Amino acid sequence: MGSVSILLLMFCGFAFAALAIGLGNKLSIKRYNPEKGEAYECGMETQGTTWVQFHVGYYLFALVFLLFDVEIAFLYPWAVVFKEIGMVAFVEIVFFVLVLFLGLLYAHKKKALSWM
C-alpha cells in the first residue's frame with residue numbers, strides 16, 4: 001500500500017467516526033432529568049458523598065492483574081501452534097515471559113501487590 005492509500009484510509013475512518021457521532025448528536029432526543037446526573041450504585045439510592053477517593057494501590061493491583069491477564073491471551077495461541085513454529089518461537093516466548101516476570105518482581109519490590 002502506498003502512502004496515498006493509507007492517508008485515504010485514515011481520512012475515511014475519521015470521516016466515518018465524525019459522521020456517526022454527528023448524526024447521533026443531531027438525531028437523538030435530549031431531555032434533561034436530574035436523575036441522569038446522579039451516580040448509579042446498583043439501583044439503590046446513593047448514601048453519602050459519591051466523590052470518594054480510592055487508594056492508588058487498588059488501581060496498581062488492577063493494572064498488574066490486567067498485565068498478566070493479557071499475557072495469558074498471548075500465551076494461549078502460541079501454545080496451540082507451538083509444534084509448527086519451532087525453537088525460535090520458544091526462545092521468543094521465554095524472553096517474553098522473562099520480561100513479564102521482571103515486571104512482577106518490580107511490582108513486588110514497590111509493594112504494589114500488598115493489599116491495603
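Helices and strands are here DSSP runs, a helix being H or I over at least four residues and a strand being E over at least two. The exercises below concern a predicted model.

**Exercise 1. Determine how much of residues 56-79 is helix and how much is strand, and relate the span to the UniProt record.**

Solution.
1. The span from 56 to 79 is 100% helix and 0% strand.
2. Its end C-alpha atoms are 35 Å apart.
3. The unreviewed UniProt entry lists residues 56-79 as a "transmembrane region", and it gives that feature to residues 6-24 and 85-107 as well.
4. For residues 85-107, the helix content is 96% and the strand content 0%, with 32 Å between the end C-alpha atoms.

**Exercise 2. Classify the packing of helix α2 against helix α4 from the angle between them.**

Solution.
1. Two packed helices are described by the angle between their axes and the distance between the axes.
2. Helix α2 covers residues 56-80 and helix α4 covers residues 87-109.
3. The angle is about 170°, and the axes are 11 Å apart.
4. Angles over 145 degrees count as roughly antiparallel.
5. Helices α2 and α4 are therefore roughly antiparallel to each other.

**Exercise 3. Identify the residues through which α2 and α4 meet, and sort the contact by class.**

Solution.
1. The α2 side consists of Val 64, Leu 67, Phe 68, Glu 71, Phe 74, Leu 75 and Trp 78.
2. On the α4 side are Ala 89, Phe 90, Ile 93, Phe 96, Val 97, Leu 100, Leu 104 and Ala 107.
3. By class, the contact comprises 14 nonpolar residues, no polar residues and 1 charged residue.

**Exercise 4. Compare the radius of gyration of the chain with that of a compact globule of 116 residues.**

Solution.
1. The chain contains 4 helices and 0 strands, in the order α-α-α-α along the sequence.
2. A compact globule of 116 residues would have a radius of gyration near 13 Å, whereas the chain has 24 Å.
3. Along the principal axes, the C-alpha atoms fill a box of roughly 60 × 55 × 25 Å.
4. Buried residues account for 8% of the 116 residues.

**Exercise 5. Assign Ala 18 and Gly 22 to a burial class from their relative accessibility.**

Solution.
1. Ala 18 belongs to helix α1, residues 3-27, and Gly 22 is also placed in helix α1.
2. Buried means under 20% relative accessible area, exposed means over 50%, and partly exposed lies in between.
3. Ala 18, at 49%, therefore counts as partly exposed.
4. Gly 22, at 31%, is likewise partly exposed.
5. From Ala 18 to His 108, 90 residues apart in sequence, the C-alpha distance is 44 Å.
6. Gly 22 and Cys 42 are 20 residues apart along the chain, and their C-alpha atoms are separated by 31 Å.

Note on methods:
Residues numbered from 1 in each chain as written. Predicted model: local features only at pLDDT ≥ 70, side-chain atom pairs only at ≥ 80, totals over all residues. Heavy atoms only, no water. Axes fitted to C-alpha atoms, helices over the stretch in contact; angles between N-to-C directions. Parallel < 35°, antiparallel > 145°, perpendicular 65-115°, else oblique. Contact = heavy atoms within 4.5 Å. Nonpolar A, V, L, I, M, F, W, Y, C, P; charged D, E, K, R; others polar. UniProt positions renumbered as here; feature names shortened; annotations may be inferred. Rg over C-alpha atoms; globule rule 2.2 N^0.38 Å. Buried < 20%, exposed > 50% of the residue type's maximum accessible area, 1.4 Å probe, protein only.
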